[in-house]
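Q: I have a structure open and would like to talk it through before I go back to the bench. Could you take my questions as they come?

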Amino acid sequence: MNAVAIQLSIIIGYLLLALAVGLVAYRLTDRTAEDFYLASRTLGTVVLLFTTFATLLSAFTFFAGPNVAYAQGPEWILVMGLMDGIIFAVLWYVIGYKQWLLGRQHGYVTLGEMLGDRFGSRWLRGLVAAVSLVWLFPYVMLQQVGAGTALEALTNGAVSYAAGAGLITAFMILYVVAAGMRGIAWTDTLQGVFMLVTTWVALLWVLSAVGGPGAATEALASNPDTAGFLSLGSDYYTVKWILSTAITIGFGVAMFPQVNQRFFAAGSKTVLKRTFALWPILCVLLFVPSFMLGAWAAGLEVAVPEGANVLPLVLAEYTPTWFAALVIAGAMAAMMSSSDSMLLSGSSYFTRDLYRPFVERDLSDRREDLIARGGVVLFATAAFLGSLFRPAGLFELGEAAFSGFAQLALPVLLALYWRSITRAGITAGILASQGFYLSSLFLAVVPGSYAGWTAGIVGMGLSLVVTVAVSLVTSPAAEERRTIYFDRLGAD
């Protein structure tokens, strides 16, 4: 059997295993929307921790992160491995616990549903869903772009970019439609453990091949192009850039639909609190080996063509064919475990926050379940078609999605804790920050940074100022006055 056949056999074998787990879960799934979206709110500590972990650790982690470390140095670990692990863990408690309390009492499934009820507005509910779907689309594409480029690089072009992206899309559709949240949570747990183990084995294997961490670090120090990697601070990793990026990613993660919905799915308060405490540890355990592989590859002078990803190339250089394929299968697992949850959440946002309130208000649970599964197919197919055009690099796609979602975070935080916020205030805050950030991406006249601070962090500040200012000069509508239970619940 030739190398390409071995590689594809390992990767497809792993994908089939994930599909089998999903199909087993399907047999235990109730045919209701709540079970399809949230596994009937019964997830335990291990499953909730690893499904959230695997959901976030996507192509952005396995490919974009090592690529940044390869080009600019390992300080990227400070942003994703340490600062974001801590920031998100805090938000997991501050936002997630309050959402869990509200979801338990009122049966909420989506963020838009919760906010729409809070302010008595289906239009706000639809706005939150629409904004979320806009930013979810490029992040699903990011996974498909990552899969396509990874398989193309690993097989030296024997598997085309389009075929690789299409392969992961097909498997995602199959087991998301079949299994729902319960199957996704089970496969995510499998994939999260698999990712951790293979990444650490890959790091140790490469280091063994080059003479250990001392030799790899010495190669960085002796190379004039990479000697600066061993000291903090550079033209790329400025303090303002690090803070901007860490904050927008951390707050953006809390607003990602597939993450935010997991706040509703915890089986108990104890489960939720245990998972956020363990979260930073898991982040460090994965980001350190994957990003250091990228940084050390620069010192070892692994050739990375423009547009390619460093991780498959360094594995191909220093590990056997079968093992490189196994690690890429782990990366595919990361991408699949992100995309499957995104597709499920995107489907719930569409059916519950757009279709139900604006098209068919008397939608039955059974019919909603069917529409949700059809929505997964349509959304995944559209993202796949978009990925064929390779609209941007992995880092650029990921950064745009994180920052776009981050614009929602502060208005949502105010809605959960500030009694005086009004419907007009939160709506204005969301529209102003989204309009500003979108303009910074697509209009040359709107800068992408301000005195070193990114447009994403500036937009977050704008959302806070506008939400507060408009709320102070407007009065709550009658519908809002009937939702004061949000304030009382904070003491639970």
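Q: Let me start with one helix: how many of the residues of α10 are buried?
A: Keeping in mind that this is a predicted model, α10 is mostly covered, with 13 of its 17 residues buried.

Q: And what are the end C-alpha atoms of α10 doing, how far apart are they?
A: They are 24 Å apart, and because 17 residues at 1.5 Å a residue should span 24 Å, the helix, which runs over residues 239–255, agrees with that expectation.

Q: Stepping back, what does the protein have in the way of helices and strands?
A: There are 21 helices and two strands in the protein. Of its 492 residues, 59% count as buried, and among contacts between residues at least 6 apart in sequence, 86% join residues at least 24 apart.

Q: What about the surface, how much does the protein expose?
A: The exposed area is about 17,600 Å², and carbon and sulfur atoms supply 66% of it.

Q: Which residues make the nonpolar surface patch?
A: Leu78, Leu82, Ile86, Val90 and Val284 make a nonpolar patch of about 380 Å². Helix α5, residues 76–106, gives the largest share of the patch, with four residues, whereas Val284 lies in helix α13, residues 269–299.

Q: Is Val284 buried, partly exposed or exposed?
A: Val284 counts as partly exposed, because its relative accessibility is 35% and that class covers values between 20% and 50%.

Q: Changing topic, how many salt bridges does the structure hold?
A: The structure holds four salt bridges. One of them joins the side chains of Glu113 and Arg125, at 4.0 Å from N to O; Glu113 is in helix α6, residues 111–119, and Arg125 in helix α7, residues 122–154, with their positions twelve residues apart in the chain.

Q: What else does Glu113 form a salt bridge with?
A: Glu113 also forms a salt bridge with Arg352, where the closest N and O atoms are 3.0 Å apart. Because Glu113 lies in helix α6 and Arg352 in helix α15, residues 321–358, this pair ties together parts that are 239 residues apart in sequence.

Q: So which residues are in the network of salt bridges?
A: The network links Glu113, Arg125, Arg352 and Asp353.

Q: And are Glu113, Arg125 and Arg352 buried or exposed?
A: Glu113 counts as buried at 12% relative accessibility, Arg125 counts as buried at 16%, and Arg352 counts as buried at 11%. Each gets that label because buried means under 20% relative accessible area.

Q: Where does Arg367 come in, what does its side chain meet?
A: The side chain of Arg367 meets that of Glu360 in a salt bridge, at 3.1 Å from N to O. Here Arg367 is partly exposed, with a relative accessible area of 39%, and Glu360 is partly exposed too, at 23%.

Q: One last thing, what is the phi of Ala451?
A: Ala451 has a positive phi of about 55°, although it is not a glycine. Ala451 lies in the loop between β1, residues 449–450, and β2, residues 453–454.

Q: Is Ala451 buried or exposed in that loop?
A: At 64% relative accessibility, Ala451 counts as exposed, because that label applies over 50%.

How values were computed. Residues are numbered from 1 along each chain as its sequence is written. This is a predicted model: local features need pLDDT of at least 70, side-chain atom pairs count only at pLDDT 80 or more; totals for chains, interfaces and linings use all residues. Side-chain values use heavy atoms; hydrogens and water are left out. Buried means under 20% relative accessible area, exposed over 50%, partly exposed in between (1.4 Å probe, protein chains only). Contact means heavy atoms within 4.5 Å. Accessible areas come from the Shrake-Rupley method with a 1.4 Å probe; for residues, only the protein chains shown count as cover. The expected span of a helix is 1.5 Å times one less than its number of residues. Patches are made of residues with over 30% relative accessible area and no salt bridge: like charges are joined within 9 Å, nonpolar side chains (Val, Leu, Ile, Met, Phe, Trp, Tyr) within 5 Å.
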